[in-house]
Amino acid sequence: MDMRVLLISALLGFVSHVRAKTDRNLCISENPKTCGECILIGPQCVWCKDPDFKFSRCDEKESLQKAGCTPLGIENTRGDVTTDINKTVTNRKNDKGNLDEIIQIQPQKLTLKLRSEESQKFTLKFKRAEDYPIDLYFLMDLSDSMRSNLENVKNLGADLAKEMRHITKDLRIGFGSFLEKLVMPFILRTPKYLENPCFPNDCTAPFSYKNVLSLTNDSTLFTQEVSKQKTSGNLDSPEAGFDAIMQAVVCTKEIGWRNVTRLLVFSTDAGFHFAGDGKLGGIVRPNDGKCYLSNNMYTMSHKFDYPTISQLVDTLSDNNIQTIFAVTEQFKDLYRELSDLIPKSTVGILSDSSTNVIELIINAYNSLSSEVILENSRLPAGVSISYVSHCKDGEIRKGESGRKCSNISIGDEVNFDIEITAKGCPSKNKSETIKIKPLGFNEEVEIVLNFICECECHKEGIQNSPACHFGNGTLECGVCRCNEGRLGKFCECSQDEVKTDDLDANCRKDNGTDVCSNNGECFCGTCECKKKYSGKFCECDNFSCDRSDNKLCGGHGRCECRQCICDANYTGSACDCSLDTSTCLASNKQICNGLGTCVCGKCKCSDTYEGPTCEICPTCPRICTQHKDCVECRQFGMGSKKHTCETNCSNFNIIAVKSKEDLPQSSNQPHINDCKERDTDDCWFFFTYDTKNDDKIEVHVAAKKECPSGPDIIPIVAGVVAGIVLIGLALLLIWKLLMIIHDRREFAKFEKEKMNAKWDTGENPIYKSAVTTVLNPKYEGN
């Protein structure tokens, strides 16, 4: 093979490899102009800030090193994790300090530097502490149907404090009650009803929500205040429990909530009203989730609608409230469905004893506290977070399951691996802060996110550098960042002189091509081409056209701007298609035998014809068979067409010859077809079929036929009879032979049985002797 061809092939292969690598390499294909733009593409991209570096400055580290970038010239800013506050989790067995200093999660504050697409990982440790303070607020439905349950709660204070000492020594309890909105149709507005809705029974006046006792560690005071409470009445079954929960949660100061474990025990024997039900009473103003307690009474129940379920869920979660629904058997399914929507909540069944209430609270608290669920605040746009939990059972869980661990007892320690990733630069000029907290607990982890949007060398930029076209820009990280109104690689262009800020766009033929087709340099939006290249985008040359037979333009044209200009009678991208039809002439001088088209000097045959000139038809009836009947009727007056011969068989001239040896020979004349056909008498007749240039048809027929002689009947009959006789005799002999063999086997078997027989020589059992002997009984004998 020609050495030049080998070199060109190797060059084309190298160019294809480089282009394919470029297409896969985002660092290059994204065409970043500055170091900051480069590092935002991904963690694999680094920047070369060497002033004299001639190649693409943004690339993978290994590629830049191979291209000659110095180690000090490589700018590769990376993210990291810094622990700011890292107090050790509390071990109560060894640490008997202040209860307020109990720590269950570690670390408490972190600072993350995040680079685009580069994940930062850290581990949070959670350890459930002993003697953790608890605030418990009992919120009770005081409709008249709860009279017996109220009696049980009156004795709850001291017993509950006693039982909870096994869990914590710092317990505060409070009490609140609720009924219904003071509007029709929920409450009858007559004076008599408003004074005593349970008449003739003794009841207190109806109300919406009342904070009876703020949180206190005085269990005796709890018992005294609850003992003063009376039930009341309303018209419908559902109650204003959602109003009461909202006020009890958001009125932090009035209730006395501390930043500790917060439990809300919600006790009722009825369903609940929610957003939209207030319209029945003419209340259309949505609940705003604010505190409206005056003298411990909710004063805006007639102004604001009930809260929505989602509003209640968010309020409970934001305030770290763990909810225990203590309800009757009738409504357990309803409140279980509600509990499924509220994180860190559970449902218990009420009965007619204070012991049951205490057990319900303790069991519910243990159930809620034994599960840790991590929740994060709203993330900035472009930031994602993932969790992996290492729980007590030793299993590793990911996804949503990675946020939680269950069955955690006091003193147990679990770990969560957390990964935070940023995409792009969500916040360029300020940091963002997010928080991660275990639901139902007061502690949280503060995480400060600092986004890496610029390289370190950005701070070392030289303003108005002479290297940037007489001081028209800042030399930063080895390239010029142009002042306002200036453009170009070295800020050499004025914005007034060009149409776009992206000068390279003016030097690309389209978005998918290189600047100046990689065959020149772009100056102020105009390509300056290398030698041998031309065109607006340096896209033209005279050596990159298609080739045929290893020849440029097939040797039948010239190469201009990567396209072949073909000579006369040639076409195609490589001028390899001849327009000359002489090679397509068939033996009858027709182009492709009239059954195809001549394309690039070769026949493209139609339908079932083939061959270089479309003269072969493997699936067509043979021409001899096609004309057999006409030849037979015209020459011999026989055949299926003898009655229509004059009408159907007049399209050819027939010439009779004496014998088949006198017929024209096809070996010397390829347009002649030799034919041999059988007539109705079963004789062979011979003829030739010849198509002349003037489309006339000549048929030469041999007058002498070849008829086969008839069969000799006598030998055939004799042979058949003899065959039948011989076959019969053969069958008789075979039968006789088989019978002889069978008889001999039977005789041998008889002889064998005879030899083996054993004849009995004893007395015949039916034989009786002729002699009878009689003994004289008186005979004594001598």
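Two strands count as paired if DSSP finds at least two bridges between them. With that rule in hand, the tour of this predicted model can start at a small group of strands.

**Stop 1: strand E1 and its partners**

Select residues 45-48, which make up strand E1. Show the side chains: Cys-45 and Trp-47 point one way, while Val-46 and Cys-48 point the other way. All four of these side chains belong to buried residues. In a regular strand the side chains alternate between the two faces of the sheet.

Now add residues 58-60, strand E2. E1 and E2 run antiparallel and are joined over three bridges. To find one bridge, pick Val-46; the partner in E2 is Asp-59.

Next add residues 74-75, strand E3. This strand also pairs with E1 in the antiparallel sense, here over two bridges. Pick Cys-48 this time, and its bridge partner in E3 is Ile-74.

**Stop 2: disulfides**

Select the cysteine sulfur atoms. How many disulfides does the count come to? The count is 24. Three of them are visited here.

Begin with Cys-35 and Cys-455, whose sulfur atoms are 1.8 Å apart. This pair links distant parts of the chain, the two cysteines being 420 residues apart. Cys-35 sits in helix H3 (residues 35-39), and Cys-455 sits in the loop between strand E22 (445-451) and strand E23 (473-476). The torsion about their S-S bond is about -90°, so this disulfide is left-handed. Both Cys-35 and Cys-455 are buried.

Move to Cys-198 and Cys-203, joined with an S to S distance of 1.9 Å. Which hand does the disulfide of Cys-198 and Cys-203 have? It is left-handed, because the torsion about the S-S bond is about -90°. Cys-198 and Cys-203 are both buried.

The last pair to select is Cys-683 and Cys-707, with sulfur atoms 1.9 Å apart. Cys-683 lies in the loop between strand E38 (672-678) and strand E39 (684-691). Cys-707 lies in the loop between strand E40 (697-702) and helix H17 (713-756), and the two cysteines are 24 residues apart. Here the S-S torsion is about 115°, so the disulfide is right-handed. Cys-683 has 6% relative accessibility and therefore counts as buried.

**Stop 3: Phe-470**

Return to the loop between E22 and E23, where Phe-470 is found. Is Phe-470 buried or exposed? Phe-470 counts as exposed because its relative accessibility is 74%. Add Cys-491 and draw a C-alpha to C-alpha distance: the two residues are 8.9 Å apart in space and 21 residues apart in sequence.

**Stop 4: two helix pairs**

Select helix H9 (residues 241-250) together with helix H11 (residues 309-318). Their axes come within 10 Å and cross at roughly 25°. Angles under 35 degrees count as roughly parallel, and H9 and H11 are therefore roughly parallel to each other. Their crossing is left-handed. To display the contact, show Phe-242, Ile-245, Met-246, Val-249 and Val-250 on the H9 side. On the H11 side, show Ile-309, Gln-311, Leu-312, Thr-315 and Leu-316.

Then select helix H6 (residues 156-164) and helix H8 (residues 219-227). The axes of H6 and H8 come within 7 Å and cross at roughly 150°. Angles over 145 degrees count as roughly antiparallel, so H6 and H8 are roughly antiparallel to each other. In H6 the contact residues are Leu-156, Gly-157, Ala-158 and Ala-161. They meet Ser-219, Phe-222 and Thr-223 of H8.

**Stop 5: backbone torsions**

Most residues other than glycine have a negative phi, and most peptide bonds are trans. The selections below depart from that.

Select Gln-106 and Pro-107: the peptide bond between them is cis, with omega near -5°. Pro-107 belongs to the loop between strand E5 (105-106) and strand E6 (109-114). The bond from Met-184 to Pro-185 is cis as well, with omega near 5°. Look for Pro-185 in the loop between strand E9 (171-178) and helix H7 (191-195).

For positive phi, select Asn-295, where the value is about 55°. Asn-295 is in the loop between strand E12 (293-294) and strand E13 (297-298). With 75% relative accessibility, Asn-295 counts as exposed. Finish at Asn-569, whose phi is near 70°. Asn-569 lies in the loop between strand E32 (563-566) and strand E33 (570-571).

Conventions. Residues are numbered from 1 along each chain as its sequence is written. This is a predicted model: local features need pLDDT of at least 70, side-chain atom pairs count only at pLDDT 80 or more; totals for chains, interfaces and linings use all residues. Side-chain values use heavy atoms; hydrogens and water are left out. Buried means under 20% relative accessible area, exposed over 50%, partly exposed in between (1.4 Å probe, protein chains only). Helices (H or I, at least four residues) and strands (E, at least two) are DSSP runs, numbered from the N terminus. A disulfide is a pair of cysteine sulfur atoms within 2.5 Å. Axes are lines fitted to C-alpha atoms, for helices over the stretch in contact, and angles run from 0 to 180 degrees between N-to-C directions. Angles under 35 degrees count as roughly parallel, over 145 as roughly antiparallel, 65 to 115 as roughly perpendicular and the rest as oblique. A crossing is left-handed if the near helix is turned anticlockwise from the far one by less than a right angle, and right-handed if clockwise. Contact means heavy atoms within 4.5 Å.
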